[in-house]
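Welcome, and thanks for taking a look at this one with us. Here is a short briefing to read alongside the structure.

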Amino acid sequence: FLEASLLLCKEHLPEEHLDLAEAGRKLSECCERLGDHRRALQLCQEALAIASRCLPGNHPNIAVYMSQLASCYRSTGEVDKAINIMQQCVGIQKQHLPTSRKALCTSLSNLGLYYSEKGRLHEAIGTLEECLVAQRSFLPQNHPDIGSTLWNLGLAYQRKKNVAKATELFQECLSVRENNSLPSTHPNVIAVLMALARIAYDQKKYYESLQMYRRLHDSLTQTSQTEDLARVCHNMGMCCLELGQLDAAEEAFTESVRIKSALYPQGDTRIATSERMLHQLWQLKFGN
């Protein structure tokens with residue numbers, strides 16, 4: 001349908017008609033979703049060129065085309081180009097506040113992620129913090145978009161080795177997501193708990209980490225996320241080992257080996273990791 005629509009526009013409309021640009025942009029979006037990233041990029045470049053001849057350079061609709069083009073560049077691995085285009089997009093949207101505030105928040109969020117992908121963490125943090133301030137100015141405090149920004153900001157701080165700030169943001173993100181009525185089995189809740197449990201373990205807060213891993217275990221046994229469950233069992237075993245709870249550690253490592261053996265081929269290193277810990281545990285309990 002979108003292919004046919006674009007062809008009809010080309011046949012019956014002048015070359016510099018906005019409907020032609022919009023037909024190309026919509027087809028570009030579809031191609032990107034289907035994984036045809038090169039065609040999506042070409043279509044979006046053509047659509048933006050047409051729209052730029054039809055509209056003033058700072059028109060809010062130009063920002064829509066730029067946002068799509070940045071996404072296409074990112075999908076083709078050209079993240080530096082995506083950053084450059086998204087910076088221009090944000091600049092246009094800031095000229096049209098407050099009507100553009102929702103679109104601006106989306107663009108700031110995407111720009112922050114692009115910075116993170118390139119390791120430009122200082123810029124990523126600044127952009128995501130700007131996004132969070134903007135979101136909180138008009139969204140409910142437990143809105144899912146705020147939860148997503150808190151999560152992405154926490155990841156950026158974690159990569160900067162600011163563990164205290166990352167923990168604070170992850171805890172706030174967890175609160176938002178739970179208050180947003182997400183069940184304990186939801187992947188977004190699981191991801192935050194995984195991050196918090198790992199931070200607690202790295203800080204040698206083994207009891208705190210174990211409590212979170214046990215909570216994750218109870219949630220994951222209700223889902224089909226068996227790889228995550230195997231990982232949680234292994235990490236529970238590590239916590240129990242550090243706490244001297246050898247029987248509980250043995251139970252956790254055994255469950256991890258059982259799950260991994262059903263998931264991966266014999267001899268897989270992921271199985272071997274848990275098997276090795278189980279053997280070390282037996283040496284502690286029973287000697288050689």
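The expected span of a helix is 1.5 Å times one less than its number of residues. Keep that rule at hand for the helices below, and bear in mind that this is a predicted model.

**Helix 5**
- Helix 5 covers residues 79–94, and its 16 residues should span 22 Å at 1.5 Å a residue; the end C-alpha atoms are 22 Å apart, so the model agrees with the expected span.
- Its buried residues are Val 79, Ala 82, Ile 83, Ile 85, Met 86, Cys 89, Val 90, Ile 92 and Gln 93.
- An α-helix has 3.6 residues a turn, so residues three or four places apart point the same way.
- The partners of the buried residues of helix 5 are helix 4 (60–75) and helix 6 (101–117).

**Helix 9**
- Helix 9 has 17 residues and reaches 24 Å from first to last C-alpha, close to the 24 Å expected at 1.5 Å a residue.
- Ala 166, Thr 167, Leu 169, Phe 170, Cys 173, Leu 174, Val 176 and Arg 177 are buried in helix 9.
- These buried residues pack against helix 8, helix 10 and helix 11.
- Ser 181, just after helix 9, has a positive phi of about 70°.

**Nonpolar cores**
- The largest nonpolar core has 49 residues, and Phe 170 and Leu 216 touch the most other members.
- Eight elements are worth tracing here: helix 7 (121–136), helix 8 (144–159), helix 9 (163–179), helix 10 (187–202), helix 11 (206–220), helix 12 (226–242), helix 13 (246–263) and helix 14 (269–286) each supply at least two residues of this core.
- Helix 10 gives the most to this core, with 11 residues.
- Setting aside residues up to four places away in sequence, Leu 216 touches Ile 190, Leu 193, Met 194 and Val 232.
- A second, separate core holds 38 residues, among them Ala 40, Leu 43, Ala 51 and Tyr 114.

**The largest pocket**
- The largest pocket holds about 200 Å³ of space.
- Its lining includes Lys 102, Cys 105, Thr 106, Ser 109, Gln 135, His 143, Asp 145 and Asn 152.
- Helix 6 and helix 8 are the elements that give two or more residues to this lining.
- By type, the lining residues are three nonpolar, seven polar and two charged.

**Asn 152**
- Asn 152 sits in helix 8.
- With a relative accessible area of 15%, Asn 152 counts as buried, because buried means under 20%.
- Beyond its neighbours within four places in sequence, Asn 152 is in contact with Ser 109, Leu 113 and Leu 128.

Methods: Residues numbered from 1 in each chain as written. Predicted model: local features only at pLDDT ≥ 70, side-chain atom pairs only at ≥ 80, totals over all residues. Heavy atoms only, no water. Core = buried A, V, L, I, M, F, W, Y, C linked by side-chain atoms within 4.5 Å. Buried < 20%, exposed > 50% of the residue type's maximum accessible area, 1.4 Å probe, protein only. Helix = DSSP H or I, 4+ residues; strand = E, 2+ residues; numbered from the N terminus. Contact = heavy atoms within 4.5 Å. 1 Å grid on protein atoms, 1.4 Å probe; cavity = no way out; pocket = protein on both sides within 12 Å on 5 of 7 lines; lining within 4 Å. Points joined across faces, edges and corners; volume = space filled by probe spheres on them. Nonpolar A, V, L, I, M, F, W, Y, C, P; charged D, E, K, R; others polar.
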